[in-house]
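Hi,

Here is the structure I said I would pass on. Have a look at it first, and then read my notes below.

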Amino acid sequence: MTDRPPQSVGRRTVLGAGVGFAMGSVAVAAPVALGGAPIDEGSARGGKVNFPAIHAGTERPDAPPPNQAPPTRRVGFAIMGLGRLALQNILPAFAQCKHARPVALVSGDKDKLRIVAEQYGIPASSCYDYASFDQIKDNPAVDAVYVVLPNALHHDAVLRAARAGKHVLCEKPMATSPEEARSMISACAKAGKKLMIAYRCQYEVYNHELAKRARAGEFGAIQFIDAINTQNQGDPGQWRQKKALAGGGSLPDVGLYCLNTARALLGEEPEEVQASIFSPQDDPRFAEVEATVTFMLRFPSGIIANCATSYSAHEHRSMRVLGSQGHAEIDNAFAYEGQKLRVTRRDGMAEASTELTLGQKNQFSQEIDHMAQCVRSGATPRTPGEEGLQDQIIMAAIYESARSGKPVKLAPMSRPDAFRGPMQPEETS
Ligand code: NAD
């Protein structure tokens, strides 16, 4: 079979003959109306393209097309540290960002730099190693640095980025101690630059929806939260098993999600923690860092959060919220994808359990776009450095409680969401 050009142009032919218009260097035929109806659906209004609904009001409406900023108006990010998270999740997520783009890379490995720069169209002049990194101050394409290094290197990297006059998005855990976290906050404040901690779950749609419903009273008065985040670690030689580079074991790496998500869901700050740690003595993976931690957070309203984390239990990431009139749980709550939200409450004489489908969005793109919008608008990020500092303070209290075997009191906070900035308008609609 061969492709042949049309022999004739009839009345119902879609492309009108002789009415071409130029688009770039390609000549494109102008659309012709069929029976008076416009061929190209949708219309541009207020700088956005919109489409009329095609389904009945009984169906979930389609999401509007993404309204992204043109590349030249997006916030430029330098990615510092080309490890697993940067290459497997963060850089690919920029493809779905609407307000951000990767413009520079930082790595100690020349070959990795070259390969990744080619993949993302980043010029060699915007590739730095750790010795030349400070020259990034002269690169006007870079608005912000995303720090994706091992935990103990976050402090120095954030200070250097702030000194270079760049905003900073820093991976979790923010630091290895409250002292480091304070010095990172003050360095960014002194430089007049924003500091955001990459708590992706606060930008993830299922966790966000659960927090919204819980705060609106949908489950009655919240009584109890149950959060588990575990994974079974391999090679004892990796930096995550070295105290000097990781700062700790399962707690700052994965247990932090239970802590931060419980705080963010309630908007309250715990007034007391009680914890227990177990690390098998004959397992080389736990020569320096802890294996399993359970901790209880007691909040001023009386709510208790029971959290468990482990580096020696098979992957499990769940969160459950129990209220006086119902409960809800998210499977894979802290995973990169695959969240499932189930809501259970009485329905007449029955107990009804409903699974909600929200549509998956890339939580890394959501988080990066949030930072970009804050850089553009001047708003405080939802998860600023102070949010990370509070987790560092609570984690230090968790370690102290496990050591002493006693509960540890924490400073009271007078207002809800004491450290958090607002969500951006497009994130709350
Ligand atoms: P990784 O080991 O895969 O990558 C770390 C990168 O840092 C590597 O490119 C390594 O070459 C570089 N590096 C520079 N100096 C180093 C040194 N002295 N020792 C070791 N590595 C050095 O780690 P990762 O999984 O990409 O984690 C990086 C950061 O991201 C950590 O803070 C981690 O907690 C965080 N993280 C967050 C998530 C999330 O879901 N938000 C997931 C994974 C990791």
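**Helix 1 and what covers it**

In helix 1 (residues 84-93), the buried residues are Ala86, Asn89, Ile90, Leu91 and Ala93. Their cover includes three strands, namely strand 5 (75-80), strand 6 (100-106) and strand 8 (144-147), along with helix 2 (110-120) and helix 8 (363-377). Keep in mind throughout that this is a predicted model.

**Valine 147**

Strand 8 deserves a second look, since valine 147 lies in it. Valine 147 is buried, with a relative accessible area of 0%. Which residues does valine 147 touch, leaving out those up to four places away in sequence? The list is Met80, His154, Ala157, Val158, Val168, Leu169, Cys170 and Glu171. There is also a long hop along the chain here: valine 147 and alanine 78 are 69 residues apart in sequence, yet 8.5 Å separates their C-alpha atoms.

**The chain as a whole**

Stepping back, the protein chain has 10 helices and 19 strands. Its C-alpha atoms fill a box of roughly 90 × 70 × 45 Å along the principal axes. Of the 429 residues, 48% are buried. If you take the contacts with a separation of 6 or more, 68% of them are between residues 24 or more positions apart.

**Helix 7 against helix 9**

Two packed helices are described by the angle between their axes and the distance between those axes. For helix 7 (residues 250-266) and helix 9 (residues 385-404), the axes come within 10 Å and cross at roughly 115°. That makes helix 7 roughly perpendicular to helix 9, because angles from 65 to 115 degrees count that way. The crossing of helix 7 and helix 9 is right-handed.

As for who meets whom, helix 7 brings Leu251, Pro252, Leu256, Leu259, Asn260 and Arg263, and helix 9 brings Glu387, Gln390, Asp391, Ile394, Met395, Ile398 and Tyr399. Sorted by class, the contact of helix 7 with helix 9 has eight nonpolar, two polar and three charged residues.

**Cysteines**

How many disulfides are there? The count comes to zero. Take cysteine 97: its closest cysteine sulfur is in cysteine 374, 13 Å away, and so too far for a bond, given that a disulfide needs the sulfur atoms within 2.5 Å. Cysteine 127 is in no disulfide either, as the nearest cysteine sulfur, that of cysteine 97, is 19 Å away. Cysteine 97 counts as buried, at 2% relative accessibility.

**Backbone oddities**

Most residues other than glycine have a negative phi, and most peptide bonds are trans. Three places go against that background.

- The peptide bond from lysine 172 to proline 173 is cis, with omega near -15°. Proline 173 sits in the loop between strand 9 (167-170) and helix 4 (178-191).
- Asparagine 332 has a positive phi, near 55°. Asparagine 332 belongs to the loop between strand 16 (326-331) and strand 17 (340-347), and counts as partly exposed at 32% relative accessibility.
- Aspartate 417 also has a positive phi, near 50°. Its loop runs between strand 19 (408-409) and helix 10 (425-428), and at 15% relative accessibility aspartate 417 counts as buried.

Happy to talk any of this through.

Cheers

Terms used:
Residues numbered from 1 in each chain as written. Predicted model: local features only at pLDDT ≥ 70, side-chain atom pairs only at ≥ 80, totals over all residues. Heavy atoms only, no water. Axes fitted to C-alpha atoms, helices over the stretch in contact; angles between N-to-C directions. Helix = DSSP H or I, 4+ residues; strand = E, 2+ residues; numbered from the N terminus. Parallel < 35°, antiparallel > 145°, perpendicular 65-115°, else oblique. Left-handed = near helix turned anticlockwise from the far one by under 90°. Contact = heavy atoms within 4.5 Å. Nonpolar A, V, L, I, M, F, W, Y, C, P; charged D, E, K, R; others polar. Buried < 20%, exposed > 50% of the residue type's maximum accessible area, 1.4 Å probe, protein only.
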